[in-house]
Amino acid sequence: MARIAVIGAGIIGSSITAVLQREGHAVTCFDPRGPGQAASFGNGGSIAPGSIAGTSGPGILGDAIRWSLAGGGPLRLHWPHLPVAAPWLRRFARAGRPDGLQGTAAALHQLHRSALTDYAQLLGPGRADLLRTSGQLYVYDSDKAYEKDAPGRALRRDHGVRMTELTADEALEMEPSLRPGLARALHLPDFGQTPNPGALVRAIAEDAVRDGARLVTTCIHKLLPVPGGRGMGLLSDHGEEVFDTVVVAAGIWSNRLLKPLGAAVPLESLRGYHATLELPRMPGQPIYPIAEKIMATPMEDGLRVVGVVEVAGIRKPPEFSNIDRLTGAARRIFRDVGEARSVWMGHRPATPDSVPVICRAPGHPDLVLALGHGQTGMCGAPGTANLVSDLLAGRQGRIEPHHFDIARFR
Ligand SMILES: Cc1cc2nc3c(=O)[nH]c(=O)nc-3n(C[C@H](O)[C@H](O)[C@H](O)COP(=O)(O)OP(=O)(O)OC[C@H]3O[C@@H](n4cnc5c(N)ncnc54)[C@H](O)[C@@H]3O)c2cc1C
């Protein structure tokens with residue numbers, strides 16, 4: 001049994017805490033906000049094992065510049081932030097080349113493929129209401145949009161993702177809340193969702209505490225390497241404490257702790273928004289209107305529409321005019337969309353190639369990195385927790401660790 005500290009109680013840190021505690025370690029998880037309050041709170045709740053495409057793509061920077069100048073596009077650059085973001089953006093553009101896309105897909109396939117069954121194990125009995133294997137429906141407003149998505153379909157097919165093509169009439173029969181006028185649709189039966197991401201994270205953290213983990217609501221100010229020895233120290237408002245292993249899962253804030261140790265990861269916030277809307281008749285599954293680049297998920301408190309990727313750093317206040325884009329898109333797709341019940345902005349902690357970093361930190365064998373899950377952290381969390389557990393046990397598990405090593409950025 002080892003004494004392990006996990007920094008961050010988002011979906012990544014909470015899942016790692018739960019898995020390591022269950023394996024018999026003594027785990028303490030630190031977060032000033034408590035479980036599931038940051039990116040893991042307001043996301044789209046999609047748990048899509050076949051979500052392997054990554055955020056970049058061919059010509060992505062040209063598109064981003066065009067959309068940013070015109071306003072209203074799905075990916076926006078905030079000009080004053082560009083000098084800071086430039087090195088990350090160069091790598092992001094490289095990840096959009098064909099070999100980059102294949103590498104991303106191979107890694108995410110490993111991490112995501114059994115997400116729903118892994119969650120079922122992580123949650124245990126009595127939590128079934130937090131997970132739905134609902135399927136997902138991709139809808140296309142034109143045959144052109146369908147053709148444009150051909151590379152995405154080919155990538156999923158190559159990785160064994162089950163998909164059924166539907167006519168517009170079949171899609172409307174499956175989801176009567178959709179407006180007529182679709183060209184066609186694609187049903188992905190093995191995809192799923194949580195109807196309440198924040199509650200899912202809290203449940204995982206509560207179960208870990210029930211199993212004996214310690215949850216401390218405080219901020220870690222500094223990592224303190226132990227001179228010439230094993231372990232890693234932490235400095236918080238409660239003083240200093242030394243652990244056998246420290247796991248950094250602090251989302252977009254991770255580099256504040258890692259930079260002083262020379263272990264920073266190329267991370268950028270891909271800021272995203274949600275609007276939770278009233279809808280009298282909910283769809284039975286998440287709907288992904290491909291051309292609009294939004295996701296609409298039936299949640300406990302309404303239809304949650306998520307989207308927009310903004311490269312603007314973490315200090316700029318939210319640009320809530322983005323909500324109009326989300327509600328406008330929802331009104332084009334669904335009948336009878338009502339008022340917004342909540343609006344929100346969060347920071348997707350993104351690496352340039354959309355593949356998280358999950359490995360021991362170079363030069364610090366007792367420090368483990370588990371961060372950079374970008375657009376798919378809800379999906380990648382159980383796989384991440386299993387990989388961290390394998391790394392600490394020195395086991396070769398189901399996931400090949402080399403995909404997630406920081407070495408690819410060095
Ligand atoms: C609009 C939007 C929609 C999304 N939709 C989906 C989706 O449908 N499906 C999907 O799979 N993913 C989705 N994502 C991505 C997903 O939400 C993230 O990848 C995931 O939540 C990241 O989890 P995390 O635990 O790494 O980070 P976070 O949830 O941000 O948690 C990090 C935690 O670390 C804590 N912390 C930071 N610094 C310290 C410190 N010094 N000491 C202690 N604690 C610290 C913070 O308080 C925070 O609680 C979406 C994201 C957004 C923004």
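Q: A salt bridge is a side-chain nitrogen of Lys or Arg within 4 Å of a carboxyl oxygen of Asp or Glu. What makes the contact between the side chains of Arg 214 and Glu 241 a salt bridge?
A: In this predicted model, the N to O distance between the two side chains is 3.0 Å. The cut-off is 4 Å, so the pair of Arg 214 and Glu 241 qualifies as a salt bridge.

Q: Why is the pair of Arg 214 and Glu 241 said to tie together parts that are apart in sequence?
A: Arg 214 belongs to strand 9 (residues 214–216) and Glu 241 to strand 12 (residues 239–243), so the pair links parts 27 residues apart in sequence.

Q: Why does Arg 214 count as partly exposed?
A: The relative accessibility of Arg 214 is 39%. Buried means under 20% and exposed means over 50%, so a value in between is called partly exposed. Glu 241, at 27%, gets that label too, because its value also falls between the two limits.

Q: What makes Arg 210 and Asp 211 a salt bridge?
A: Their closest N and O atoms are 3.2 Å apart. The limit is 4 Å, so the pair of Arg 210 and Asp 211 is counted.

Q: Why is Arg 210 called exposed, and why does Asp 211 count as partly exposed?
A: Arg 210 has a relative accessible area of 59%, and exposed means over 50%. Asp 211 stands at 31%, which is neither under 20% nor over 50%, so Asp 211 is partly exposed.

Q: Where does Arg 210 lie, and how far is it from Ala 18 in sequence and in space?
A: Arg 210 is in helix 10 (residues 197–210). Arg 210 and Ala 18 are 192 residues apart in sequence, while their C-alpha atoms are 9.7 Å apart in space.

Q: What makes Asp 390 and Arg 395 a salt bridge, and is each partner buried or partly exposed?
A: The N to O distance between these side chains is 2.9 Å, and the cut-off is 4 Å. Asp 390 has a relative accessible area of 11%, which is under 20%, so Asp 390 is buried. Arg 395 has 42%, so Arg 395 is partly exposed.

Q: Which residues do salt bridges that share partners join into one network?
A: The network consists of Arg 22, Arg 127, Glu 206, Asp 207, Arg 210 and Asp 211. By the rule used here, the model has a count of 22 salt bridges.

Q: Why does His 25 count as buried?
A: Its relative accessibility is 18%. The limit for buried is under 20%, so His 25 meets it. His 25 sits in the loop between helix 1 and strand 2 (26–30).

Q: What does the side chain of His 25 reach, and which residues does His 25 touch?
A: The side chain of His 25 comes to 3.1 Å from the backbone nitrogen of Ala 2. Leaving out residues up to four places away in sequence, His 25 touches Met 1, Ala 2, Ile 4 and Leu 20.

Q: Why does Trp 253 count as partly exposed?
A: Its relative accessibility is 27%, which lies between the limits of 20% and 50%, so the label is partly exposed. Trp 253 is in the loop between strand 13 (245–248) and helix 11 (254–258). Apart from neighbours within four places in sequence, Trp 253 is in contact with Arg 33, Ala 38, Ile 314 and His 347.

Q: What is notable about the phi of Val 308 and of Asp 336?
A: Val 308 is not a glycine, yet has a positive phi of about 75 degrees. Asp 336, also not a glycine, has a positive phi of about 55 degrees. Val 308 lies in strand 17 (residues 302–311), whereas Asp 336 is in the loop between helix 12 (322–333) and strand 18.

Q: Is each of them, Val 308 and Asp 336, buried or exposed?
A: Val 308 is at 1% relative accessibility, under the 20% limit, so Val 308 is buried. Asp 336 has a relative accessible area of 54%, over the 50% limit, so Asp 336 is exposed.

Q: How many residues surround the ligand, and how do they divide by kind?
A: The ligand is surrounded by 37 residues, the closest being Asp 31, Ser 40, Ser 46, Ile 220 and Gly 374. The shell divides into 18 nonpolar, 16 polar and three charged residues.

Q: What makes the approach of Gln 375 to the ligand a polar contact?
A: A polar backbone atom of Gln 375 is 2.9 Å from a nitrogen atom of the ligand. Polar contacts are pairs of N or O atoms within 3.5 Å, so this pair qualifies. A backbone N or O atom of Thr 376 is 3.4 Å from an oxygen atom of the ligand. Taken alone the ligand exposes 1,000 Å², and the protein buries 96% of that.

Notes: Residues numbered from 1 in each chain as written. Predicted model: local features only at pLDDT ≥ 70, side-chain atom pairs only at ≥ 80, totals over all residues. Heavy atoms only, no water. Near = heavy atom within 4 Å. Polar contact = N/O pair within 3.5 Å; in protein donor to acceptor, adjacent residues only side chain to side chain. Areas by Shrake-Rupley, 256 points an atom, 1.4 Å probe, with all protein chains shown as cover. Nonpolar A, V, L, I, M, F, W, Y, C, P; charged D, E, K, R; others polar. Helix = DSSP H or I, 4+ residues; strand = E, 2+ residues; numbered from the N terminus. Buried < 20%, exposed > 50% of the residue type's maximum accessible area, 1.4 Å probe, protein only. Contact = heavy atoms within 4.5 Å.
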